[in-house]
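Student: I have a structure open on my screen and would like to talk it through with you. Could we go over it together?

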Amino acid sequence: MDLISFSAIGTALGAIADPMILLWILIGVVVGLIFGAAPGLTATAGVAIATPLTFGASFEVAMALLLGIYCGGYFAGSIPAILINTPGAPGNAATALDGYRMARRGKADLALSLSVISSFIGGFVSILVLMLAAPRLADFALEFTSVEYFALGTFGLVCVAAVSGGSILKGMIAAALGMLLGCSGIDPVGGMTRLTFGDPNLLGGVPLMPALIAFFAVSEMLVQAARRDSLATLPAQRRVGAGEVLSHYLRNKWLTIRSAFIGTGIGILPGTGPTIAAWIAYGESARKKAPQAQEEGDPRGVIAAETANNAVTGGALIPLLTLGIPGDTVTAVLIGALLIQGIDPGPFFIAEKSDLFVQILLILLFANVCILVIGLGTRRWLPAILKLPPRILIPIVGVLCATGAFAINNTPFEVGLMAVLGLAGYVLIRFGFPMAPVVLGLVLGPMVETNLRNALTANDMDATVFLTRPIGALLLAAAAFTVFWTWRRHRRT
Amino acid sequence: MKLPLSIARPLAVAAGIAALSFAAPAVAEYPEKPVRIVVPFGAGDSLDGTARVIAEQLKKELKVPFVVQNIPGAGGGKGTAEANKAKGDGYTLLMGSTGALTARPLISKPGYVTSDFVPLAQLVEVPIGLAVKADSPFKSVKDIVAAAKAKPGGIKYATPGPGATQHINMEIFAKAQGIKMKHIGGRGGKGAITKTLSGEVDFVFVGAPNYTGLAKGGKLRVIGIAAGKRVPYFPDVPTFKEQGYDFTVAVWFGLLTRKGTPAAVVSKLRAVVKKVATQASTSALYKKFNFNEAFLDGEGFQKRIDANVAKHRVVLKDIGLIK
């Protein structure tokens, strides 16, 4: 806070209080909600498409629109995740796990409310962190070398693989399958191509979004289509009051705060993003899960995943605004938008342009308020979609999935890939394999592999480096503890 | 049998028109439908911004939409492969780049070879520079070469990834100096810079515009630019040549069309691209992104591509990426 003077706050307030700027933030949030909620279109795509439109705009207008899309987009992916098991963006995949189960049991309103409020809390905490400690935290992020990234990836992998359903063995096999999928494409260390079957479409690896749509939405629709009885047994949707929602936060206040800090922290680390943040926070929440909650959907899972997911926004802006290095994919796109405004983000940005920095903070804050209002305002009628009979809902979701996969590159390959992986996912489900570890393996596998190999290369193949660096050793110890704890719990039951 | 003139004349005219419309070569009419520009990198970055501005100006000149399609992945290889699936008719253009076009086809079979594309014009260059962390003992390129000589394999450096132009050229440099260094890929330019800031590697060798802010803010020290002359945003940083090393590297970007495009379409496109690429508004945009304006016409661009391929083939063999 010592970096920001009161005069800067005054100037920034003057610039942002303009109704036109507020309108642009609102437009940004609405556009973001659309991009976030439509599977295949992500906040990153929304910001990228909107960036050239800001070439002629002022700094405030450009940031209002783009940051609005950023925040709105990260939140909205949870809506289809909860209602139709189709994460709108990779960061909302973990939300689908408990959120969709809750919706199937008449608790869609509760799940949506929790997702809106958690997104707000996550966004808000991350703005506070950005405001109070940006430069110091950026230096902390630079402590992370390949060793620490490897340890973080391992920790994430252990967390969820251990809690994904009945059989640990099946969970591990599923995670291994996901990691195998993640090996496809150009080897990030050696440069050779692997597992592409000679198809140039796979040069860049298995793209995450079609895989997510396949493993969550397509396989689930196939499961439902195969079931005759299905929707007849769906209980009526129940509305929730403010008191009930609040009680969930009071009961889970530490989880909420922890998730907000996990999200912000992972946002700060360059090369990560909301997907990893949401999974790790979800893994944390699931450690205390009761077995029956697994079936009915646990509100704690939604709270953890969505808080962390949206907390990435403020976190990812920290390395961007203090080092010029993006914390996630959206902030990578924002660099271009800032350059056009004549701003080269770097270590001097906050000190020299503190009024612009405060403007960014205020825009983020207002964008999060917009999300809260719009989200809570629409949650009542959104669950109506669940009343659609399967013979109507399943084809609609099918079309949504196909367009979503197509929209990623505007090429048909992703649609085919989605269909193949969806079918594979269905077969795996029929044999009792959980889907979450497959996705987790696909997300974290490349991170673990690349950083393991880079760490060893950089340190002359000396594996003791994983024990001598404090942060890395701590994370690996936490991973080992989780494995031990899971093993003990399973032995007792 | 003789047709009455009243019928024969309109018939003849109709036949004439029909014949004309069939014979009218697609060339004269090009373009008669929207043109797609494949950008093999993510939407929203500097290169994408450039492509979109060029597309907008081409649309004004040729009166059809020029649509940018981003297909990122494999350091540009995925989008290049996609562009190669198109017909050679000038309706699919490629924003080609150094590594994807001239190195990737040598390493593996990415679904295209360099000669699948006909160059229209080189547009911009990004000069590559060498930077170290602010507290690094290395003050000049000479220091690094000396350290690498003293301890072979002891110096580590980062580039966007294995097989990238930056990586290949740093290996060319190392070979010329008789030194051996360890390479670590950063999964992109910013990732490579992060590895330098965290102390994981000794230096980073990526596009100089990537770290203007960090250098000004005192986190990184730029110690050599591998360009013919100094760059305007680092006026105090000497080139490699000034430090006694004959070494220049640039990542270039340019427009290409699929081979088989009719010659008339190629020459029409070349003329229009030249016009829009060299006008003042385009230059102003390049400057904002810290790109070097580096227009080369079709032939000049082709020569450069050929020279790059020949050079890359030798080095890739040396570092074991091709057998």
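Tutor: Happily! Let's start with a term: a residue is buried if 20 or more other C-beta atoms lie within 10 Å of its own, exposed if 12 or fewer, and partly exposed in between. Keep in mind, too, that this is a predicted model.

Student: With that cut-off, which residues of H3(A) are buried?

Tutor: Helix H3 of chain A runs over residues 43-50, and seven of its eight residues are buried, so it is largely enclosed by the rest of the structure. Its cover includes helix H2 (19-37), helix H4 (59-76) and helix H16 (329-340) of chain A. The buried residues themselves are A:Ala43, A:Thr44, A:Ala45, A:Gly46, A:Val47, A:Ala48 and A:Ala50.

Student: Is A:Glu60 buried or exposed?

Tutor: A:Glu60 lies in helix H4 of chain A. Leaving aside neighbours within four places in sequence, A:Glu60 is in contact with A:Ala15, A:Ile16, A:Ile21 and A:Gln359. Because 22 C-beta neighbours sit inside 10 Å, A:Glu60 counts as buried.

Student: What separates the C-alpha atoms of A:Glu60 and A:Ile25?

Tutor: Along the chain, these two residues are 35 residues apart. In space, their C-alpha atoms are separated by 9.6 Å.

Student: Which residues does A:Val147 contact, leaving aside its neighbours within four places in sequence?

Tutor: A:Val147 is found in helix H8 (residues 146-161) of chain A. This valine has 27 other C-beta atoms within 10 Å, so it is buried. With the sequence neighbours set aside, its contacts are A:Ala455, A:Val465, A:Phe466, A:Arg469 and A:Gly472.

Student: At what angle do the axes of H10(A) and H20(A) cross?

Tutor: H10 of chain A covers residues 208-226, and H20 of chain A covers residues 413-430. Their axes come within 7 Å and cross at roughly 55°.

Student: Which residue class leads in that pair's contact, and with how many?

Tutor: The crossing angle makes H10(A) oblique to H20(A), and the crossing is right-handed. Among the residues making the contact are A:Ile213, A:Phe215 and A:Leu222 of H10(A), with A:Leu417, A:Met418 and A:Ile429 of H20(A). By class, the contact has one charged, three polar and 13 nonpolar residues.

Student: Which element of chain A has the lowest mean pLDDT?

Tutor: Over the whole of chain A, the mean pLDDT is 89, and 95% of the residues reach 70 or more. Where pLDDT is low, the predicted coordinates should not be read in detail. Helix H12 (residues 253-268) of chain A has the highest mean, 96, while the lowest, 67, belongs to helix H14 (residues 291-296) of chain A.

Student: Which element gives the most to the side of chain B that touches chain A?

Tutor: The contact takes 44 residues from chain A and 46 residues from chain B. On the chain B side, the elements giving two or more residues are H3 (46-62), H4 (77-83), S6 (182-185), H9 (189-197) and H10 (212-216) of chain B. By class, that side has 14 nonpolar, 19 polar and 13 charged residues. With five residues, the element that gives the most is H9(B).

Student: Finally, what percentage of the residues in chain B are buried?

Tutor: Chain B has 13 helices and 10 strands, and its C-alpha atoms fill a box of roughly 100 × 45 × 30 Å along the principal axes. Among its contacts between residues at least 6 apart in sequence, 74% join residues at least 24 apart. Of the 323 residues in chain B, the buried share is 55%.

Definitions and conventions: Residues are numbered from 1 along each chain as its sequence is written. Chains are lettered from A and ligands numbered from 1 in the order in which they are written. This is a predicted model: local features need pLDDT of at least 70, side-chain atom pairs count only at pLDDT 80 or more; totals for chains, interfaces and linings use all residues. Axes are lines fitted to C-alpha atoms, for helices over the stretch in contact, and angles run from 0 to 180 degrees between N-to-C directions. Helices (H or I, at least four residues) and strands (E, at least two) are DSSP runs, numbered from the N terminus. Angles under 35 degrees count as roughly parallel, over 145 as roughly antiparallel, 65 to 115 as roughly perpendicular and the rest as oblique. A crossing is left-handed if the near helix is turned anticlockwise from the far one by less than a right angle, and right-handed if clockwise. Two residues are in contact if their C-beta atoms, placed from the backbone, lie within 7 Å. Ala, Val, Leu, Ile, Met, Phe, Trp, Tyr, Cys and Pro count as nonpolar, Asp, Glu, Lys and Arg as charged, and the others, Gly among them, as polar. pLDDT is the predictor's confidence in each residue, from 0 to 100.
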